[in-house]
Amino acid sequence: MSDRKPILIAGAGLASLLLAQSLRLSNIPFKVFERDASFVFRAQGYRLRLSSEGLDAIQAVLDPETWKRFWEACGKTGGLGFASFNAVTGEQTEHHLAPPTLVSRQGEGKTIGISRGDMRRIFAQGCEDNIEWARHVTGYELTGDGVRAIFADGTRSVEGSLLVGGEGIYSKVAKQLSGGKLKVYDTGARGIHGQAPSTAFKGLGEGVFRLRDDTRPDGAVFIITNVRPGDMDDPDVSFGWTMGGQPGVIRAPNDDYSIVGKTAANIAKSLTKNWHPRFRPLFDEMNESEAAFWKITCSTPSGVPEWPNEPRVTVIGDAVHSMTPAGGIGANTSVRDSALLGRLLREAGGYSPEITALYEKDMRVYASEAVHESYSTAVKQFGILIDEKTSLTI
Ligand SMILES: Cc1cc2nc3c(=O)[nH]c(=O)nc-3n(C[C@H](O)[C@H](O)[C@H](O)COP(=O)(O)OP(=O)(O)OC[C@H]3O[C@@H](n4cnc5c(N)ncnc54)[C@H](O)[C@@H]3O)c2cc1C
């Protein structure tokens with residue numbers, strides 16, 4: 001008889017919720033602890049591009065009906081790959097085919113994307129009663145026959161059979177489990193995420209676009225945006241863009257990157273004021289309140305380190321392999337973790353002591369490849385450099 005204590009999951013992000021869905025469908029009890037007060041607590045706006053590997057992992061977990069709903073919620077954008085433009089002159093510089101990792105197998109030559117918020121809501125369906133909000137996980141304690149999550153207010157969770165740390169780049173579970181071996185480096189590069197009514201994107205047309213400005217003396221600025229067909233004439237629909245700058249170019253006041261709204265919007269506007277008129281509406285017409293900074297971080301480029309396996313605790317998603325935005329594979333790798341760990345738990349009928357070691361062995365291989373690929377691309381594209389011995393960690 002397997003252990004029927006619940007599986008405890010820290011964080012209700014993409015990886016955690018897909019794992020929760022997998023456990024629900026396998027009839028394995030679980031509890032999710034999320035720091036935020038609700039799904040809409042902070043900006044969720046940015047869109048994720050999904051690769052064939054990411055889509056395969058999601059489809060392997062979801063039941064056919066939920067998969068159909070998920071697939072219908074995905075945008076399908078034509079013009080496979082990126083069209084790159086000089087942001088200042090407006091000239092097209094290149095058309096990159098999407099890397100093989102981002103060619104989505106059912107997209108009939110289209111780029112598949114979905115907003116992070118929609119993805120979380122679909123993954124969470126049916127799991128809501130097992131999600132506890134406003135639960136800030138700060139660590140864990142092993143009990144004789146299980147594990148408990150520890151919360152910021154000093155209280156403990158119920159006893160679980162296994163704790164899965166899926167609470168993103170600042171994961172305390174990852175730090176405790178690995179004895180500090182799991183590190184997230186601050187590349188020094190910063191970004192701003194913004195939104196504007198879809199009509200502001202009309203000048204670009206349908207496709208995935210990368211606009212790059214190399215004219216600044218302090219470093220390059222670029223944005224990536226995905227313009228879907230269908231909604232381009234509806235000003236009530238917003239599209240997003242993600243801006244990045246080489247280290248030092250984008251700076252929040254007092255280095256406070258939690259600031260959202262007008263301050264971030266004004267910096268984006270100022271950085272793009274000499275951009276070509278075709279691209280200006282993306283910034284002139286911004287929904288200022290939605291603008292948010294983000295830090296470009298990356299896990300250890302040489303790969304996911306080894307730590308002594310603990311059968312009762314493991315880590316998934318950005319908590320174990322955070323990546324730069326280059327390559328667009330962070331979420332795609334995270335959902336593979338959920339599918340793999342969920343399958344191992346299903347096959348064992350719930351917790352079993354060998355599962356975390358089996359999961360970590362496979363995960364280390366594909367996640368190390370993904371971090372390496374994202375990092376190497378970012379070195380070329382964003383001019384970042386990590387020295388694993390001396391670079392700052394977050
Ligand atoms: C602007 C941007 C664009 C991106 N574009 C792409 C893309 O196109 N394709 C792609 O594959 N990837 C992309 N990524 C990466 C992708 O978003 C991440 O890899 C993915 O969200 C990781 O999922 P996760 O579940 O591990 O973590 P998250 O989705 O970050 O979720 C972590 C959750 O844990 C919660 N939490 C945090 N701390 C605690 C705590 N102490 N206790 C409890 N809960 C906690 C958080 O509130 C959050 O809900 C992008 C990232 C950014 C920032």
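**View 1. N27, in the loop between α1 and β2 (30–33).** This is a predicted model, and this close-up shows one of its loop residues. N27 isn't a glycine, yet its phi is positive, at about 65°. Is N27 buried or exposed? Just 9 other C-beta atoms sit within 10 Å, so N27 is exposed.

**View 2. A134, in the loop between β8 (131–132) and β9 (137–143).** Here's another residue that is not a glycine but has a positive phi, this time about 55° for A134. A134 has 14 C-beta neighbours inside 10 Å, so it counts as partly exposed.

**View 3. Y170, in the loop between β11 (162–165) and α5 (172–178).** Y170 is partly exposed because it has 15 C-beta neighbours inside 10 Å. Look for V184 too: it is 14 residues from Y170 in sequence, and the two C-alpha atoms are 8.1 Å apart in space.

**View 4. The shell of 34 residues around the ligand.** Which residues come nearest to the ligand? They are G11, G13, G317, G330 and A331. As for elements, α1 (14–25), β3 (47–50) and α8 (330–348) each chip in with at least two shell residues. Helix α8 gives the most, with four residues. By class, the shell splits into 14 nonpolar, 13 polar and seven charged residues.

**View 5. Helix α2 (residues 52–61) crossing α8.** The two axes come within 8 Å and cross at roughly 35°, and the crossing is left-handed. On the α2 side, the contact is made by E53, G54, A57, I58, A60 and V61. Facing them from α8 are A331, N332, V335, R336, S338, A339 and G342. Sorted by class, this contact has seven nonpolar, four polar and two charged residues. A331 also turns up in View 4, among the residues that come nearest to the ligand.

**View 6. The largest nonpolar core, with 74 residues.** The members that touch the most others are I7, I9, L18, L19, L163, V164 and V173. Which helix gives the most to this core? That's α9 (residues 355–382), with eight residues. Zooming in on V164, its contacts are I7, I9, A10, L19, T314, I316 and L341, leaving out residues up to four places away in sequence. There's also a second, separate core of 34 residues, with A200, V208, F209 and L271 among them.

Definitions and conventions:
Residues are numbered from 1 along each chain as its sequence is written. This is a predicted model: local features need pLDDT of at least 70, side-chain atom pairs count only at pLDDT 80 or more; totals for chains, interfaces and linings use all residues. A residue is buried if 20 or more other C-beta atoms lie within 10 Å of its own, exposed if 12 or fewer, and partly exposed in between; C-beta atoms are placed from the backbone. A residue is near a molecule or strand if its C-beta atom, placed from the backbone, lies within 6 Å of it. Ala, Val, Leu, Ile, Met, Phe, Trp, Tyr, Cys and Pro count as nonpolar, Asp, Glu, Lys and Arg as charged, and the others, Gly among them, as polar. Axes are lines fitted to C-alpha atoms, for helices over the stretch in contact, and angles run from 0 to 180 degrees between N-to-C directions. A crossing is left-handed if the near helix is turned anticlockwise from the far one by less than a right angle, and right-handed if clockwise. Two residues are in contact if their C-beta atoms, placed from the backbone, lie within 7 Å. A nonpolar core is a set of buried Ala, Val, Leu, Ile, Met, Phe, Trp, Tyr and Cys residues joined through C-beta atoms within 7 Å.
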